[in-house]
Every structure is written in C-alpha cells, then in structure tokens.
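Visitor: I am new to this structure and would like a close look at one single part of it. Please pick a place and work outward from there.

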Amino acid sequence: MSVPTIPVPEPAAQPEPAAEPAKVERPPLRDLLPTGSFAVLVATAGIALAVGSFARFGFTGHALLGAVFCPALVLLAAIDLQHKVLPNMIVLPASLAVGLIVAASAPGDFLAHLAAGVALGGFFFAFAAFFPGSLGMGDAKLGFLLGIALGSKTLGAALIAFASLLVAALYVLATRGVSARKDALPFGPFLALGGILAFFLG
C-alpha cells in the first residue's frame, strides 16, 4: 500500500533588495583649491580687493565687509570655473561672517540684507527646481551670500550677472558654433563679478 505524499510548495524566491542610489562623492576642499600660478592670481586678486575695500570706504564696518566678501567671491569663482562646484565649506562660513559683520556694523539694515539674501537665494532655488540643470543649489546659496552682503544693491548685482552670462553665452556660440549650446557655463563667476561691481560701484 503506497503512502500518500503531500506536495510541499517550493519557497517563493525572495525579491532582491533594491539597490541604493549611488551617492555623489564630493572631493575634499583641498582638491578644489586653485594651485600653481592660478592660485597666485586668485590670492593676488583677493588681497587687492580687500585692500581696495579699505581704500574706498576707509576703516569702517562696510570696508571690513568688502574685505571678507570680495575675496570669498574670487575664490568661489575660481573653483566654480575649474570644477563647476561651489563648496559649502566656503559659502556657508562666508555667509555667516558677512551676516555678523552687517549685524554689528549696521544693525538697522540687517533685516533688509537678510530679506535680500532670502529673496535672491529663494529665486535661484525655485529656478533650479522648475528648470533642472539650469542652476544648482550652490548658486542658490551664493545668491543668499550676495543678498546678505549687498542688501539694496542685490538686484543690480543679479542683473550684471545675468547680462554678463548672456554676453559670454553669445560669444561661445559665435566662436564655437551651435554645437556649443549644450555646454553649461558655470554661473558662479558671473555672480561673483556682479557682486564685486555692485559692492564697489553701487
């Protein structure tokens, strides 16, 4: 007499865990800093702007603001030009230092400067969110730095930055042809140019 067998179902195959998205590794700051003759040029420009700030505005809080703000912009422009990144380790401490200088030297204007920083940084953030690939979060943070440093001069700095970016884009198209339209131009150097001009000439 045969013994009845009960079929045992094979265990269902367990689904493989979903692969975690690869994390983008940011290079350390020391690997982003300019080197060689370019580093000398960047340092010279930063020192010249710091000295020029005191020469233009005297030994005032506004001059100290320029002595911190303008060299930081030069360094950020150089890094963005070479690596297309605006490191938080420079943008955030510079924003904090500039905010403290404004609060100490012109406390009555601090809220207006803060509002300008939030407005420009928020505009760049929204632009980057609605048009992916156009601007980055580093540009939004740099926009905040410009606003908190420049206050009422922020709009002028932004207009200079966009105008100079347009001129540069037209130049690239004229010299390299239509195929160059896919090449992304870093916005940091143009924001730095606008910020420096607005600070000294605004």
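**A loop residue and the helices around it**

Guide: K84 has a relative accessibility of 53%, and therefore counts as exposed (over 50%; buried is under 20% and partly exposed in between, with a 1.4 Å probe and protein chains only). This is a predicted model: local features need pLDDT of at least 70, side-chain atom pairs count only at pLDDT 80 or more, and totals for chains, interfaces and linings use all residues. Residues are numbered from 1 along each chain as its sequence is written, and side-chain values use heavy atoms, without hydrogens or water.

First, the setting. The protein is built from eight helices and zero strands (DSSP runs numbered from the N terminus: H or I of at least four residues for helices, E of at least two for strands). Read from the N terminus on, the order of elements is α-α-α-α-α-α-α-α. The protein has 202 residues, of which 36% count as buried. K84 is not in that share, since it counts as exposed at 53%.

Where along the chain does K84 sit? Its place is the loop between α3 and α4, the latter covering residues 88-105. The backbone of K84 has a phi near 55°, which is a positive value in a residue other than glycine. As background, most residues other than glycine have a negative phi.

Which residue lies 8.5 Å from K84, C-alpha to C-alpha? That residue is L185, and 101 residues of sequence lie between the two positions.

Now to the helix before the loop. Helix α3 takes in residues 61-83, and helix α8 takes in residues 188-201. The axes of α3 and α8 come within 8 Å of each other and cross at roughly 160° (axes are lines fitted to C-alpha atoms, for helices over the stretch in contact, with angles from 0 to 180 degrees between N-to-C directions). α3 and α8 are therefore roughly antiparallel (over 145 degrees; under 35 is roughly parallel, 65 to 115 roughly perpendicular and the rest oblique).

Helix α8 has another partner in α7, which spans residues 154-176. The axes of α7 and α8 are 8 Å apart, and the two helices pack at an angle of about 135°. With that angle, α7 and α8 are therefore oblique to each other. To put the two pairs side by side, α8 is roughly antiparallel to α3 and oblique to α7.

Back along the chain, helix α2 covers residues 36-57 and holds T44. A39 is in helix α2, and A45 belongs to helix α2 as well. What pairs do these residues form in space? Take L75, which is 9.1 Å from A39 between C-alpha atoms, with the two 36 residues apart in sequence. L75 is also paired with A45: here the C-alpha distance is 9.2 Å, and the separation in sequence is 30 residues. T44, for its part, has V74 at 10.0 Å between C-alpha atoms, at a separation of 30 residues along the chain.

How open are the three residues of helix α2? A39 has a relative accessible area of 25%, so it is partly exposed. A45 counts as partly exposed because its relative accessibility is 30%. T44 has a relative accessible area of 46% and is therefore partly exposed.

To return to the starting point: K84 lies in the loop between α3 and α4, carries a positive phi near 55°, and has L185 at 8.5 Å between C-alpha atoms.
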